[in-house]
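Opening the notebook on this one. I'll jot down what I look up as I go.

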Number of protein chains: 4
Amino acid sequence: MHGFLLSRFHQHRHCISNYIDGVITIRRIYESFNKLSDEKKDRIFQSAIIEFAEHGYDGANINTIAENARISVGSMYQYFENKEGLYLAIVHLGVETLKQVLDGIIASEGDLFIKIERIIEAIQIHSRENIHLTKLYNEMTTEGHSELVWNIVSDMEGVTANLYATLTEEGQKDGIIKKDIDPKLFAFFLDNLFILLQFSYACEYYKERFKMFVGEDVFDTDELVAEQILKFIRGAFGL
Amino acid sequence: MHGFLLSRFHQHRHCISNYIDGVITIRRIYESFNKLSDEKKDRIFQSAIIEFAEHGYDGANINTIAENARISVGSMYQYFENKEGLYLAIVHLGVETLKQVLDGIIASEGDLFIKIERIIEAIQIHSRENIHLTKLYNEMTTEGHSELVWNIVSDMEGVTANLYATLTEEGQKDGIIKKDIDPKLFAFFLDNLFILLQFSYACEYYKERFKMFVGEDVFDTDELVAEQILKFIRGAFGL
Amino acid sequence: MHGFLLSRFHQHRHCISNYIDGVITIRRIYESFNKLSDEKKDRIFQSAIIEFAEHGYDGANINTIAENARISVGSMYQYFENKEGLYLAIVHLGVETLKQVLDGIIASEGDLFIKIERIIEAIQIHSRENIHLTKLYNEMTTEGHSELVWNIVSDMEGVTANLYATLTEEGQKDGIIKKDIDPKLFAFFLDNLFILLQFSYACEYYKERFKMFVGEDVFDTDELVAEQILKFIRGAFGL
Amino acid sequence: MHGFLLSRFHQHRHCISNYIDGVITIRRIYESFNKLSDEKKDRIFQSAIIEFAEHGYDGANINTIAENARISVGSMYQYFENKEGLYLAIVHLGVETLKQVLDGIIASEGDLFIKIERIIEAIQIHSRENIHLTKLYNEMTTEGHSELVWNIVSDMEGVTANLYATLTEEGQKDGIIKKDIDPKLFAFFLDNLFILLQFSYACEYYKERFKMFVGEDVFDTDELVAEQILKFIRGAFGL
DNA sequence: CATGAATGAGGATTCATTCAT
DNA sequence: TATGAATGAATCCTCATTCAT
């Protein structure tokens, strides 16, 4: 699944410890980071997310991140191997955070359309709440680190892909979804709509574009947008 | 409309002179650039597009761009005010290029669905032909220069927005498109699908994601993809 | 005499306490260090010797030394004033260690040539056994701390210088050594031969050079080397 | 042969161009350096030699080298790949310089003892004239870069080794040198004497030691020293 | 007394920009 | 106008040293 839902990251204390136990990342993020207080971890991540989201990987300044997190640069390098390690840790966190929100929706009752409704609502809420994480998600699709980033994100995207395709197939059996469509491709188109909707609520460029397409007051008409995109999707999938 | 179609940019000699006559950019790009041979301008742009697309704005190296374009750095600064000026000029060019392709499709005969068909085909062809320009389009949506970029791109996006909305309204009048939909929002969703399809043919991250959703051989099944997305859109808009 | 013989340093418990009683070094090494167990002192010195020998003074890392000695950096600074203090303490130790070995040979029976024989054998054994201490001896002759180092080493070098010169004079009286030579200069040349022989068994550069001069298997022909250098020296001094 | 003779390095303009044509070092030193005026190259090398000689590789400060050479750090990095590249270039130069002096002596008339006389005199003159280069020679035998350094120096050491051994064999045939000695080992001992004599005229530590062995006024009695070391060597080799 | 996390000054390296030729 | 060498501010990262626990 994509990174459309990014709730408060510090709810997930364990994600990092799981992370460093992994083989790939053993050297990117150090145990010392886990031992920090949640408050400090939070400051560091908030600071890093903002810096990376606003300036991109190359434009981000480690010293500024440290300063804004009210720790020393030296400490930064005791927690993370280097700039790339910090960046990937942040990406990982965003993904972990998202996974949790997604899991909630997946586990909930209901068919594809009901889940879609909940996802749309979640996008509208969480993209705005976690603007920087959403911007970072856009940033990370950019060339430069896409391979490493993909390693981190891929399995979650895989989960989403499967979920949508499976729900579509079930819908086809239940007779509520067209029979002549390719579940995988439709899952892909669906997620594409979600990704760009997410960006349209958080990224400056896409926000401007959203306003240009729909009007200056789009951001005050969440219900209309939700209703219309649901109609769009229903039409695409439905009978 | 978005930057989904990026054909050979050097077909557009005039874009730059129009550009520098504009108020905003008078200081960003210099007359001296226009006087260059098309071949040289071409080299500079190709080189710059590749560098910016592969490394992002901050990661791009002006000296490398100059070297690959087989001109001196000194010259670079005689043609463009600075790095930002060059970047914006490149973005402008990509947009101009796209506008031309779009104009062709707009001017062609046919209703919304026929035009959509042509656009999808154009995406599949041109995203691959102009990988770097497409990557640059993704890159430029990133924070950091989005405001300036938006100034350049906005009017073209406006054209697309209007086109889709107008065609939708016409379709509604003609009875081939649902009456209960918001033309502007549907135009927005439609363009969102196009943008992500475009990225999925050019940007590494999105290409991996495309493969994960649909399968390793997606890039060999253009006709199926085109057919399915058309079905998706037809379902969304159609009666 | 020079630092050609460097046996196990922890045989010399008293060297440090003597050392800190000295005026020069009162602030460089602290009483607290003496109170440590021999085993711990040993670990610290071994670790420090290796680090300084392999990376030089500036390249050595105090944190690494502490880590390898399985003590904390904090403790390091409770035992030694600073990096320089530790370095000088190590140098002092090497010298003390050497002095003991030397004392043994000096106190033994025999004329100059017999003692030389024993020294050569000792070099061949101990340079290899105490590679790092030997490397450190080379390192410490380098500019940067030579003045302070000299303060520590000078008296021992003085002892050697006197010993050789005295034995030479005795030999001259006894008629076994040429009369027309300057005992001091010959003592100097003799010790020069010893120093470089020592380095040639321990330091990478000099080992390569040794192989280049004599052949790849030099290090398997200790007896030949000993015999030849003795012949060389006998010829130089002898009648 | 060892680095005992280090005359003015800027006499050898061509050594660098030869150097960069070599495969190993193609990336360590750049063509741009060769294009500089001799005066500028001289300033850079003098500055670098002093800094490396006085502080060692790790202690040396590139910014200081640049400053003292009156060029910018940026330029430094246009001439040399990095700190290591500069260091090795300096080492290479010292060796090249020495080789030239050595070639002169080798090409001159005379048997082993006559050449030894000339070498001793050259050591006394050039070690003092090129104090920093001589210190650097001591420094470079230190661990840390010895492998790379050895690659640069080895062939010259080989030349010396061969020269001494060959001259010794000739001397044996001519009946002026003992028959029962190993030419290679004696060549080695001979060069060892030269190396330490050289250091004793330039390196602080060895200078102090020289004074301790021989007396405060050693540096005013070159002729005595030369005469005695020649006597030492004659005795070692001679009949 | 021991610890080891935290600090931040220092240093290697890069690169946008300038300017003499 | 074209060149590309020169510049030096900016930035990543290291490590000697401190100090709260």
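**Packing around H7(A)**

I started inside chain A and checked what the buried residues of H7(A) pack against: helix H6 (83–107), helix H8 (131–140), helix H9 (146–174), helix H10 (183–202) and helix H12 (222–237) of chain A. Note to self: this is a predicted model.

Next I listed which residues of H7(A) are buried, and got Leu112(A), Ile116(A), Ile119(A), Ile120(A), Ala122(A), Ile123(A), His126(A) and Ser127(A).

I also checked the length of helix H7 (residues 112–129) of chain A: 18 residues at 1.5 Å a residue should span 26 Å, and the end C-alpha atoms are 25 Å apart, so the two agree.

**Chain A against chain B**

I superposed chain A on chain B and got a rotation of 179° with 0.0 Å of shift along its axis, at an RMSD of 0.2 Å. That is the relation of a two-fold axis. I then looked for the C-alpha of chain A nearest the axis, and found that of Ala236(A), 2.1 Å from it. Both copies use the same surface, as 98% of the contact residues of chain A recur in chain B.

**Around DNA strand E**

Which residues are closest to DNA strand E? I found Gly74(A), Asn82(B), Gly74(C), Gly74(D) and Asn82(D), out of 34 residues that surround the strand.

I sorted the residues of that surface near DNA strand E by type: 13 nonpolar, 18 polar and 3 charged.

Then I asked which helices each supply at least two residues of this surface. Helix H5 (73–79) does in chain A, in chain B, in chain C and in chain D. Helix H4 (62–68) of chain B and helix H4 (62–68) of chain D are on the list too.

Note on methods: Residues are numbered from 1 along each chain as its sequence is written. Chains are lettered from A and ligands numbered from 1 in the order in which they are written. This is a predicted model: local features need pLDDT of at least 70, side-chain atom pairs count only at pLDDT 80 or more; totals for chains, interfaces and linings use all residues. A residue is near a molecule or strand if its C-beta atom, placed from the backbone, lies within 6 Å of it. Helices (H or I, at least four residues) and strands (E, at least two) are DSSP runs, numbered from the N terminus. Ala, Val, Leu, Ile, Met, Phe, Trp, Tyr, Cys and Pro count as nonpolar, Asp, Glu, Lys and Arg as charged, and the others, Gly among them, as polar. Copies are superposed by least squares on the C-alpha atoms of residues with pLDDT of at least 70 in both. Two residues are in contact if their C-beta atoms, placed from the backbone, lie within 7 Å. The expected span of a helix is 1.5 Å times one less than its number of residues. A residue is buried if 20 or more other C-beta atoms lie within 10 Å of its own, exposed if 12 or fewer, and partly exposed in between; C-beta atoms are placed from the backbone.
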